[in-house]
Amino acid sequence: MAQARLTFPLIPRRGMIGISFGTMRSLRRGAGTDIAGSRPYRPGDDTDAIDWAASARLSTARGSDEFIVRERFAEEAPRVVVVCDRRPGMACFRSPFPWLDKSAAMRTVFELVLASAAGAGGFVGYLDQADGNTFWRPPQVERKLLKLHNERLESPDFRAPSDWLESSLAHLQEHRRSATAGTFVFVLSDFIPPPPREVWLTAFEQRWDVIPVVIQDPTWEQSFPDVRRIVVPLRDATSGRVVPVRLSAKEISARREANEARIVDLLGEFRALDMDPVLVSSAEPAELLGSFLHWTELRRVRRVVGA
């Protein structure tokens, strides 16, 4: 018996419309379940679209036969873009080191998002700057992206520049036909250092649904362990140079407080910007699914409260 694929519902940040999660409302008129407005009947209109109650009231008021047609929003499959941070720091601790393998976590997140979009009949695009240049694939069906998994996500290249996020969002802005309003944009990064608030203005102007996926080691980046009795190898993310150091209790405490404050401030800043971040602390599929299901539930509750 084939194992069920791990997926989560793709729920828009605002006003999820449609008969099932993952179905998005278009700005176009068309076949759908949600009413956009009414207008007079025109020859050729579907008679099933006639609002008979409104037509009867208008006919009585005018003393003639008048017909009113309900227009509806078309329903479209969700469009998703996955933007991966491929700076050197995202590849520091690959297997078999006992820290979070961020590159493996990114691969698993991509697989999870791809499967979830496919389950909703959606399309997925991909963007990174692994070799210092922009690599872009516009949203397409799942089978066309399976080859991409081996070509890009298994690549050892992690040479993206420090301004990868700014240039990635600018590139998406140049491809508005592919990344239309309402597109889910999953940004995968550790966000160390945190990007300035101004970076997100491009995304907001385009009306994308941006989801920061924060990939950080829970022990060494979201906190810091007590390593007073051991020598700790610290590695420079850019040069790869490793320097053994021994930290005092005061230095350890300071690092722990700084790291814990940093993650709290980062998630708080995203929420203040009206974004719903996903915190990833593992590369295990089941644990990752739990993080995204938490994100899904948060959005469901938010829509109910805001209704």
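## Helix 2 against helix 3

Helix 2 and helix 3 pass each other in a right-handed crossing. This is a predicted model. Helix 2 covers residues 102–119, and helix 3 covers residues 146–153. Their axes come within 11 Å and cross at roughly 165 degrees. That angle makes helix 2 roughly antiparallel to helix 3, because angles over 145 degrees count as roughly antiparallel.

Which residues meet at this contact? Helix 2 brings Arg-107, Phe-110, Glu-111 and Leu-114. Helix 3 brings Leu-146, Leu-148, His-149 and Leu-153. By class, the residues of the contact are five nonpolar, one polar and two charged.

## The sheet

Six strands form an open sheet with mixed pairing. The strand order is 6-5-4-7-8-11. Strand 6 (135–140) and strand 11 (278–280) stand at the edges. Each has a single partner strand, so one side of each is left without a neighbour in the sheet. From one strand to the next, the twist averages 15 degrees.

Strands of a sheet pair through backbone hydrogen bonds, either parallel or antiparallel. Strand 4 (residues 79–84) and strand 7 (residues 184–189) run parallel. Five bridges join them. Val-81 stands opposite Val-185 in strand 7.

## Helix 3 on the sheet

Where does helix 3 lie on the strands? Helix 3 lies across strand 4, strand 5 (123–128) and strand 6. Its direction is at about 15 degrees to strand 5. Helix 3 thus touches two partners described here: helix 2 and the strands of the sheet.

How values were computed: Residues are numbered from 1 along each chain as its sequence is written. This is a predicted model: local features need pLDDT of at least 70, side-chain atom pairs count only at pLDDT 80 or more; totals for chains, interfaces and linings use all residues. Side-chain values use heavy atoms; hydrogens and water are left out. Axes are lines fitted to C-alpha atoms, for helices over the stretch in contact, and angles run from 0 to 180 degrees between N-to-C directions. Helices (H or I, at least four residues) and strands (E, at least two) are DSSP runs, numbered from the N terminus. Angles under 35 degrees count as roughly parallel, over 145 as roughly antiparallel, 65 to 115 as roughly perpendicular and the rest as oblique. A crossing is left-handed if the near helix is turned anticlockwise from the far one by less than a right angle, and right-handed if clockwise. Contact means heavy atoms within 4.5 Å. Ala, Val, Leu, Ile, Met, Phe, Trp, Tyr, Cys and Pro count as nonpolar, Asp, Glu, Lys and Arg as charged, and the others, Gly among them, as polar. Two strands pair if DSSP finds at least two bridges between them.
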